[in-house]
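Hi everyone, thanks for coming. I'd like to walk you through one chain today, so please pull it up on your screens.

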Amino acid sequence: MPQLDSMLRALADRGARELVFKEGALPTLGYPEGDKPVSRAALSRAQIVTLISELASAQDGGSLRSGAATRFVYRLDEGRSFAIETRVGESGFAARIVAQSAVPAAAQAAPAPVAAKTVAAAIAPADHAGQKPIDLGNVRPGAPAIEAYLAYMVETGASDLHLSPCETPMLRLHGEMIRVPGAKECSSEEAARLIFQLMQPRYKKEFEESSDTDFAHEIPGVARFRCNVFAERKGPGGVFRVIPTKIPSAEDLGLSKAILDLCFLSKGLVLVTGPTGSGKSTTLAAMVDHINRNRTDHIITIEDPIEFVHQNKKCLINQREVGIHTQSFKKALRAALREDPDIVLVGEMRDLETVAIAIETAETGHLVFGTLHTSTAPSTVDRIIDQFPADRQAQIRVMLSESLKGVISQTLLKKKGGGRIAAHEILIGVPAISNLIREGKTFQIPSIMQTSRKHGMIMMNDTLVDLVKRGLVTAEEAYLKAIDKHSLLVQFKNANIPPPNLPEPTS
């Protein structure tokens, strides 16, 4: 029997208006003449959640434990019913229980469910100095303590949480590193305890063997997180990146028509490139989601770890995680050829053999998406070819010229007023590009890209200038993220954009 049943009977039998629980306060029964405490001890958030969860359905209980606002009806055996509401406010977690006879008739007839909001919606992003201090008690019952930091990261709109030994936990917020307000410095032992609580035995073993490991963690109703744990000179550290539960659409990201057209190819190789943290996974997820909404195909993703979770819409999607569902990218990619795929996504093309199989797969009539850590579209072509021994490069050059359909290179910039935006460089595998790859004249690719806007191609500097002209980013931010800084300054001058307040490069 739920622990609260006796309190609910008292609520109904003694003429009380409501039973109220507030985090860090005594629970009270509300009477017309005033409130009366029903306990001698204040309750924590975890204790209140545990009590209320016993009255909730599995779905409502999941929302409640995730920190979402909930509303539901609980009925005692005798037929008496109670409306129950929970919320997260400025003063913390609270729950209110009202006997159905005490609520308006309209509410009795059809208690309207409140749309569940994740913790992310509870607090809007604010300036760094005005951030609300972290609540280290904001943890699901029985969950690891580090979830308080993960939930806070989502609340504030940060992209990454950094836990380092002998350092205060830090967030990357709008591209900048800030210390978590209200958090204290973690000793080596405390950092290790927080991190290892989150890790399953197989990841602890992998960390012991290789001194680093990757895995994913999910807080239901809040978000998924990509986690990397590593050893450094003071002890174990970790970086945790938030992966939104909702996959951003192509429209949300403002992907161009040229990028979306790549989603409708029947075969070929499409690469999304950029440095770590440039949003490659988000762009790929949006492209897969666009395919999922507009095509009827079989998609296989090979990831390490699985980040965005796709639900089947028009497509059938199978997601495999390296280390759990397969031994390696190359093994999974070879196996995929026997699994009737139309589209294969390779989360990371890490080694020569994976790259070779991906090119072969694209040549045999499949559409292959992959990622590389290159900074420009032209350099991506050279990077792929240079991975192979000299005696194989001519063959790979021919294969790549026929299979490469597009390269999307991107970087993230700080937006004016907060947030970040992606800048893209787009290479499309038109015949002129294919000929240059085949003939080993990749140094001429930028010239073709500059004169082929009608095919959807664009250079990174052109995108940066456009973002500055539209008032989305500052000239200083565009300059800092540019690869060819000298050319960007020339384009700024031609576009009548004031030069950034930074020294020009010496080379």
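**A covered strand and its hairpin**

Let's begin with strand E19, residues 420-428, which is mostly covered: seven of its nine residues are buried. Keep in mind as we go that this is a predicted model. Which strand does E19 pair with? That would be E18, residues 404-414, and the two run antiparallel, joined over nine bridges. One bridge to look for links Lys414 with Arg420 in E19. The two strands make a hairpin with five residues between them, and in the turn you'll find Gly417, whose phi is positive, at about 85°.

Now let's zoom out. The chain has 19 helices and 19 strands, and its C-alpha atoms fill a box of roughly 90 × 55 × 50 Å along the principal axes. Of the 507 residues, 50% are buried. The accessible surface is about 23700 Å², and carbon and sulfur atoms own 50% of that. If you count contacts with a separation of 6 or more, 55% of them join residues 24 or more positions apart. For those of you thinking about electrostatics, there are 59 positive and 58 negative charges, and their mean positions lie 3 Å apart.

How about confidence? The mean pLDDT is 86, with 91% of residues reaching 70 or more. Among the elements, strand E13, residues 268-273, has the highest mean, 97, while helix H4, residues 105-109, has the lowest, 35. Please be careful around residues 101-129: pLDDT stays under 50 there, although the model does have 36 contacts beyond four places in sequence for that stretch.

Next, a helix. In H2, residues 45-53, the buried residues are Arg45, Ile48, Val49, Leu51, Ile52 and Ser53. What do they pack against? Their partners are helix H3 (58-65) plus four strands: E1 (18-22), E4 (70-75), E5 (81-89) and E6 (92-99).

Last stop: Ile299, in strand E14, residues 298-303. Is Ile299 buried or exposed? Its relative accessible area is 0%, so it counts as buried, the cut-off being under 20%. Setting aside neighbours within four places in sequence, Ile299 is in contact with Val288, Ile291, Cys315, Leu316, Ile317, Asn318 and Ile343. And here's a pair to display: Ile299 and Val344 are 45 residues apart in sequence, yet their C-alpha atoms are 5.8 Å apart in space.

That's my tour, and I'm happy to take questions.

Notes. Residues are numbered from 1 along each chain as its sequence is written. This is a predicted model: local features need pLDDT of at least 70, side-chain atom pairs count only at pLDDT 80 or more; totals for chains, interfaces and linings use all residues. Side-chain values use heavy atoms; hydrogens and water are left out. Buried means under 20% relative accessible area, exposed over 50%, partly exposed in between (1.4 Å probe, protein chains only). Contact means heavy atoms within 4.5 Å. Accessible areas come from the Shrake-Rupley method with a 1.4 Å probe; for residues, only the protein chains shown count as cover. Lys and Arg count as positive and Asp and Glu as negative; His and the chain ends are not counted. The place of a charge is taken as NZ of Lys, CZ of Arg, CG of Asp or CD of Glu. Two strands pair if DSSP finds at least two bridges between them. pLDDT is the predictor's confidence in each residue, from 0 to 100.
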